[in-house]
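Got your viewer open? Let's take a walk through this protein, one selection at a time.

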Amino acid sequence: MPDAGGYLADQFEPPSLLLFVAVEIELDSGFLRLIDGSGSVSFLGRTFTGLDPEFGVLAGFDVVTDGFGNTAPSLNVTINPPTSSAAAILASEDMQGKTVSIWLGLLTPGAGVVQDPLLVFSGQVDQGVLSVGIGSRSIALACVSIWELMFDDNQGVRLTNAYHQAAWPGELGLEYVTAVTRQLPWGADTPRPQVVADALTVKL
């Protein structure tokens, strides 16, 4: 006689869930989409695989943490490329600014991805560092969050006639701007010259 308790346990046992991380990196030729493991998963119209025939496998990544103060979230994504040409592409200066997205998701064996994975990081490549050892090759891509752009305050851009003329030569719309406390040299951290004119007095 079968064990009724075991039968009921089999019927109501929840399906096992597998956690995965999916990484998408923009390339000049398209997108590199990898997961931390073997096989493949598909969601949001994208397919991620554990092994890319040209660029290799995902070797690791940093824990995603929040930024604080004057820093933005950042992390390293490490890839093991199979060839020196693939490593050269990932480490090239052309990669700077390419978009990077990381999702955290769940899947059930045989049923696929559970709902839509959570986007935990959205940013861009800052620089790649190549490490070569005996029988090993890896690229660590330093990635910064899109919030890094908030720190680009364009300090050299000022509402002055000098900057306006530098951008649009001959356009005199700011020639007689008043109440300017000082003229700022564009793009240079140098001592500032004194003001040319602080006010314009008109007598009737």
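Here is a tour that goes from the whole chain to its inside and then out to its surface.

**Stop 1: the whole chain.** Keep in mind that this is a predicted model. Colour by secondary structure and you can pick out three helices and ten strands. Follow the chain from the N terminus, and the elements come in the order α-β-β-β-β-β-β-α-β-β-β-β-α. Of the 204 residues, 26% count as buried. Now switch on the surface: about 13,700 Å² is accessible, and 56% of that belongs to carbon and sulfur atoms. If you look at contacts between residues at least 6 apart in sequence, 49% of them join residues at least 24 apart.

**Stop 2: the largest core.** Hide the surface and select Ile25, Val77 and Ile102. These are the residues with the most contacts inside the largest nonpolar core, a group of 22 residues. Which elements supply at least two residues each? Select strand E1 (18-27), strand E2 (30-35), strand E6 (74-80), helix H2 (84-91), E7, E9 and strand E10 (136-145), and you have them. E1 gives the most, with four residues.

There's also a second, separate core of eight residues, and Phe20, Ala22, Phe48 and Trp103 are among them.

**Stop 3: Ile25 up close.** Zoom in on Ile25 and show what it touches. Leaving out neighbours within four places in sequence, Ile25 is in contact with Gly30, Phe31, Leu32, Val77, Ile79, Met95, Thr99, Val100 and Leu141.

**Stop 4: Ser101.** Next, select Ser101, which you'll find in strand E7. Is Ser101 buried or exposed? Its relative accessible area is 13%, and under 20% means buried, so Ser101 is buried. Show its surroundings, skipping residues up to four places away in sequence, and you'll see it touch Ala22, Val23, Glu24, Leu119 and Phe121.

**Stop 5: a patch on the outside.** Turn the surface back on and select Leu17, Leu19, Leu104, Leu106, Val114, Leu118 and Val120. Together they form a nonpolar patch on the surface, with about 580 Å² of accessible area. Strand E7 (99-108) and strand E9 (118-133) are the elements that give two or more residues to this patch.

**Last stop: Leu118.** Finish on one member of that patch, Leu118, which lies in strand E9. Why does Leu118 count as exposed? Its relative accessibility is 55%, and exposed means over 50%, so Leu118 makes the cut.

Technical notes. Residues numbered from 1 in each chain as written. Predicted model: local features only at pLDDT ≥ 70, side-chain atom pairs only at ≥ 80, totals over all residues. Heavy atoms only, no water. Patch = residues over 30% accessible without salt bridge, like charges linked within 9 Å, V, L, I, M, F, W, Y side chains within 5 Å. Areas by Shrake-Rupley, 256 points an atom, 1.4 Å probe, with all protein chains shown as cover. Salt bridge = Lys/Arg side-chain N within 4 Å of Asp/Glu carboxyl O. Buried < 20%, exposed > 50% of the residue type's maximum accessible area, 1.4 Å probe, protein only. Contact = heavy atoms within 4.5 Å. Core = buried A, V, L, I, M, F, W, Y, C linked by side-chain atoms within 4.5 Å.
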